[in-house]
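User: I am new to this structure and would like a close look at a single part of it, followed by whatever helps me place that part among its surroundings. Please take your time and explain each step carefully.

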Amino acid sequence: MELLDSNVDLKELQKLQGHADRVWGLAWNPAPHNCGGASAMLASCSGDKTLRIWQMGPTHRLDCSTILEDTHTRTVRSCAWSPCGKFLATASFDSTTAIWKYVGGDFECVATLEGHENEVKSVTWSSSGTFLATCSRDKTVWIWEVQPGDEYDCVAVLQGHSQDVKMVQWHPLVDVLVSVSYDNSIKVWAEDGDSDDWHCVQTLNEGSSGHASTVWSVAFNSSGDRMVTSSDDLTLKIWDTSSAISQTDTEGFASWRHLCTLSGYHGRTIFSAHWSSEGIIASGAGDDALCLFVEEKGNSIEEPSYRLLLKKEKAHDMDINSVRWNPKDQRILASASDDGTIKIWEVREIS
């Protein structure tokens, strides 16, 4: 954590080229050793209808090892690895979600999840590996339960948003789901312990210090007691989600609450934010810039505040759609852009 108290730079290590259209989503494999033993593995998805798998070999550089194509017929908007690292889920504008399995050196499509009426915008695995969630422009969130034999059963269709649902994200420790939407709201979903029904336990909107425009992304810190959301209102908001960890039943769901708002750092829509295991928040936006934020270590009695650690102007030539920290190397950040490239960055101290 010494890094947080010193001057830092964001050094570009690599530019990954190959996609023929904008790159929408990124996902680092949390257990790359389960997929052939690479030291790092990154999945990227694009408007070119393909997925690319980038692996780090002995050269310590990421190279494209696999192109997954001919499955989706439109843009692949989102990708997510299972906790074990052997499965990759991909969500597409063709209204389907595909499940890929690493088998004997190759990725095979073992399931196609159908049901959404139109574009699927996001897919996420629960930390337990038990559930998968998807969301769509059809305003719904679907929860799928993983069954033996590569089967996936829809156990809930959640209707609560009034507009396009942009992203879904599971809490890192408990089976609580968050969705964010074009309707400016953040919704928290949990299972009723008695009936196994999923329902909305909290809505965070402008009336509860929430966003004033479309919410594009949501991410948790590694300990699960904080959440960050990013929006078209040009702000990042930090939320206290610590009650989720101590919660034993959803009957008396203890509310999550707004802690602080970061504004004035990006000049256009903030499309993505992600929290490193070291506590650094990265954000990427329509102004082509990357920002890094850390918590201000000050008076412990006051509400927490965050400060800008670094802003990298012109990190890409066009909008930045996704930022993701490498879970295996907390100083490495990947960013994806409308310019068709993925960049790999390293946070370095300036001596």
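Analyst: A good place to start is one pair of residues that face each other across two strands: Glu12 has Trp345, in β28, as its bridge partner. Everything described here comes from a predicted model, and it should be read with that in mind. The pair belongs to a longer contact, in which strand β1, covering residues 8–16, and strand β28, covering residues 342–349, run antiparallel and are joined by eight bridges. As a general point, the strands of a sheet pair through backbone hydrogen bonds, and they may do so in a parallel or an antiparallel way.

Strand β28 also pairs with β27, which spans residues 329–337; these two run antiparallel as well, and five bridges join them. Within that pairing, Ala336 has Ile342 of β28 as its bridge partner. The strands β27 and β28 form a hairpin with four residues between them, and in its turn Gly340 has a positive phi of about 85 degrees. The UniProt record, in an unreviewed entry, lists residues 313–351 among the spans it calls "repeat: WD".

The same record also lists residues 158–189 and 208–243 under that name, and the two can be described one after the other. Residues 158–189 are 0% helix and 53% strand, and the C-alpha atoms at the ends of the span lie 9 Å apart. For residues 208–243 the chain is 3% helix and 50% strand, with end C-alpha atoms that are 17 Å apart.

Elsewhere in the chain, an open sheet of four strands follows the order β18-β19-β20-β21, with antiparallel pairing. Its edges are β18 (215–220) and β21 (257–263), and because each of them has a single partner strand, one side of each is left without a neighbour in the sheet. On average, and with direction ignored, neighbouring strands of this sheet are turned by 20 degrees against each other. The edge strand β18 pairs with β19, residues 226–231, in the antiparallel sense over five bridges, and in this pairing Val215 stands opposite Ser231 of β19.

Another open sheet of four strands has the order β22-β23-β24-β25, again with antiparallel pairing. Here β22 (270–275) and β25 (306–312) stand at the edges, and since each has a single partner strand, one side of each is left without a neighbour in the sheet. Neighbouring strands in this sheet are turned by 20 degrees against each other on average, direction ignored. Strand β24, residues 290–295, pairs with the edge strand β25 in the antiparallel sense over six bridges, and Cys291 has Lys311 in β25 as its bridge partner.

Finally, two residues in loops deserve a look for their backbone angles. His60, found in the loop between β4 (51–56) and β5 (62–68), has a phi near 65 degrees, which is a positive value in a residue other than glycine. The side of the question that concerns surroundings is answered by its relative accessible area of 61%, so His60 counts as exposed. Lys139, placed in the loop between β11 (131–136) and β12 (140–147), likewise has a positive phi in a residue other than glycine, with a value near 80 degrees. The relative accessible area of Lys139 is 40%, so this residue counts as partly exposed.

How values were computed
Residues are numbered from 1 along each chain as its sequence is written. This is a predicted model: local features need pLDDT of at least 70, side-chain atom pairs count only at pLDDT 80 or more; totals for chains, interfaces and linings use all residues. Side-chain values use heavy atoms; hydrogens and water are left out. Two strands pair if DSSP finds at least two bridges between them. Axes are lines fitted to C-alpha atoms, for helices over the stretch in contact, and angles run from 0 to 180 degrees between N-to-C directions. UniProt positions are given in the numbering used here, feature names are shortened, and annotations may be inferred rather than shown by experiment. Buried means under 20% relative accessible area, exposed over 50%, partly exposed in between (1.4 Å probe, protein chains only).
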